Amino acid sequence: MRVGVVGAGYVGLVAAAGLALGGHQTVIAEANPSRLARLRERRAPFLEPGLDEWLRRAGERLSVVSSVREMGPRDAIMIAVGTPSGVSGQGDLTQVRQAVEEVVRTAAPGTVIVMKSTVPPGTGRELVRQYVAPARRGLAYVSNPEFLREGKALHDWLHPDRIVVGAEEAWAAERVAELYRGIDAPVLRTDITSAEMIKYAANALLATKISFINEIANLCELVGAHIDDVATGVGMDPRLGPHFLQAGIGYGGSCFPKDTRALYFTAAVNGYAFELLRAVIEVNRRQRIRVVHRLNTLLGGLAERSVAVLGLAFKPGTDDTRESPGLEIARTLAGYGAKVQVYDPAAVLPDSGGPPGSPVVLSPGLVRVASLEDAVRSAQAVVVATEWPEFVEADWERLYRLMAAPRVVFDGRNCLDAARLAAMGFRYVGVGRRVAPATGDADVAPASLAEGTGGA
Ligand SMILES: NC(=O)c1ccc[n+]([C@@H]2O[C@H](COP(=O)([O-])OP(=O)(O)OC[C@H]3O[C@@H](n4cnc5c(N)ncnc54)[C@H](O)[C@@H]3O)[C@@H](O)[C@H]2O)c1
C-alpha cells in the first residue's frame, strides 16, 4: 500500500519505519526542521533503541518530506502529531486539526485518514463533521490508537497486544487492518469514539494502578509493612497481575499525565465528575512533593543544602523529559534554595541544548552536570528519580566517599539494594520500604516550607 505518516515523533517515526519494513511504500512528513534534517541523514532525531537500524533497513521504501502536500497520492495517511495538554488540562488539538485540514485539502479521493494521535473521546466524530464530510471526496476517517512504550517501541510495534480499529465504514476498517498484515495480533473493531475511549481508559487504569500502589506504599511506611513484599503478594493474583505495581515517585512522561488530565477534563465538560481519576492525578502529584518534604526533614532544611538528582528522562531507555518527575523535583528543591546538580545519561532538555556535555546552568541553583560522579560530589543527599542501570549498578561505596554527611539516598524508584546501602552507612529512604535504621539516625527537625516558594 502507499502510506503517508504525518509527524516523525516517537510514534510516527516508529510506525513509518515499521510500515516500510512491512512492505508498504511509506512517506513521512515532518515539519520541525531539525528533526527533518536528522531524518534526511537516516538518523532518528531522538533516542529509541534500534530505530536507526530500522531506518537504514527501510531503505527506498521510506521517504521523507517536510509537509503533507508533498506526499503524493496515498491509500492511507496516518496522523501522529503531538496532543499536549492545554491550559486547563484538556487535550490541545491544534496540531491534530492542522494536520487533518492539510490532509483533507490535499489527499487524493478515497484516502483513509488514520488517527494515531491520542485524541479525547468524541474528537474523531467532530473532525469528520467539521473537515472530512464537507470535503465530499470519499475520504474516510479511522481511529487507530497506539499503545507502544518509549524505549521498547520497536518490540511493541511488531508485537502489539491488540490493534484497535474504530471506523464507521467497513472498507476503511479493512484497509487499516491491512496495514498491519504480517503482524500477529488480534484486531478489535469498534466505532470511532469507543476506539478513542479504549486508549484513554487503558492509560487511566495503568495510572490508577501506579497511584494505588503508591498509596499502599505510603501506608506501609506508617504501619511498618514492606511494599516490595506487599506488591509481590498482590501481583501473584492473576486477576491483578504484577505490572505497574512498582511504588515510587509516580508516573511522568509524554502520555499518562496529559492523558489522565484530558480524560478528567472530557468527563467534566460532559457533566461528569470523575472522582477516582481526580484522586489518581492528585496522588501522583503528591508523590513528588513527598520527596521534597522528606529531604527537608532529613537535611534540617533545604536552603544551601547540596542535593544530586539522578535521572531526568521520565523512565530508562528514552531521552524524553516531558513531565519528568526528576526535573520537577530538582526545580522545586532549587526553588527552596537547595544547590541542585542533576545528571542523566541520555535525557534531552530543550533548554540545555541536548545530551550531556559540560555543566549547564538550567536555572538559579540548578546545574546539569556531565557525570554521575560530578553530580554526587559533595552532595548531602541523592534522589534517584529514574532507574537507569548506570545508577542501579553504580559503585555506591565510591559514591559514599564522594558525598557529604548525612549522605541521604532517596530511592524514588525503589531500585537500589536498601539493606546494602544502609549497611554502607547511607541514610537510605525508599517509598514504602522498611529499612533497619542506622544507629543515631533520627530525622532532624524539619524547617517549615512556605507554600508557593518552591517552583524555580
Ligand atoms: N510517545 C509515546 O510513547 C506515545 C505512545 C502512544 C501514543 N502516543 C500519542 O501519539 C501522538 C504523538 O506522540 P509523540 O510522542 O510521537 O509526539 P512528538 O511530539 O514526539 O512528535 C510529533 C511530531 O509531529 C510533528 N508535526 C506536528 N504537526 C505536523 C504537521 N502538520 N506536519 C508534519 N509534522 C508535524 C512535530 O514536529 C513532531 O515532530 C500523541 O498524541 C501521543 O499522545 C504517544
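These are my notes on the ligand site, the cavities and a few backbone details of this predicted model.

1. Ground rules before you look. This is a prediction, with residues numbered from 1 along each chain as its sequence is written, and side-chain values use heavy atoms, leaving out hydrogens and water. Local features need pLDDT of at least 70 and side-chain atom pairs count only at pLDDT 80 or more, while totals for chains, interfaces and linings use all residues.

2. Where does the ligand lie? Domain 1 (2-189) and domain 2 (191-456) both give residues to the shell around it, so the ligand lies between them. The domain bounds come from an automatic or database domain assignment. There are 26 residues around the ligand, and E30, R35, T83, E150 and K258 come nearest; being near here means having a heavy atom within 4 Å.

3. The make-up of that shell is mixed: 9 nonpolar, 9 polar and 8 charged residues. In this scheme Ala, Val, Leu, Ile, Met, Phe, Trp, Tyr, Cys and Pro are nonpolar, Asp, Glu, Lys and Arg are charged, and the others, Gly among them, are polar. Helices α1 (10-21) and α4 (94-106) each supply at least two shell residues. Helices (H or I, at least four residues) and strands (E, at least two) are DSSP runs, numbered from the N terminus.

4. Now the polar contacts (pairs of N or O atoms within 3.5 Å; within protein, one must be able to donate a hydrogen and the other to accept it, and sequence neighbours count only if both atoms are side-chain atoms). K258 places a polar side-chain atom 2.7 Å from a ligand oxygen, and R322 has one 2.9 Å from an oxygen of the ligand. From T118 it is a polar backbone atom that sits 2.9 Å from a ligand oxygen. The protein buries 90% of the 830 Å² that the ligand exposes when taken alone (Shrake-Rupley accessible areas, 1.4 Å probe).

5. Cavities next. A cavity is a set of points, on a 1 Å grid over the protein atoms alone, where a 1.4 Å probe fits but cannot get out; lining residues have an atom within 4 Å of a point. Points are joined across faces, edges and corners, and volume is the space filled by probe spheres set on them. The count is 3 cavities of 30 Å³ or more, the largest being about 50 Å³.

6. The lining of the largest cavity includes M115, T118, S143 and E196. Helix α8 (residues 192-223) gives the most to this lining, with 3 residues, and each of the two domains provides at least three.

7. Backbone spots worth a look: the A405 to P406 peptide bond is cis, with omega near 5°, and P406 lies in the loop between α15 (396-402) and β14 (408-411). E304, with phi near 65°, is in the loop between α11 (275-299) and β9 (306-310). Just after α2, R42 has a positive phi of about 60°.

Key
On a 1 Å grid over the protein atoms alone, a cavity is a set of points where a 1.4 Å probe fits but cannot get out, and a pocket is an open set with protein on both sides within 12 Å along at least five of seven lines; lining residues have an atom within 4 Å of a point.
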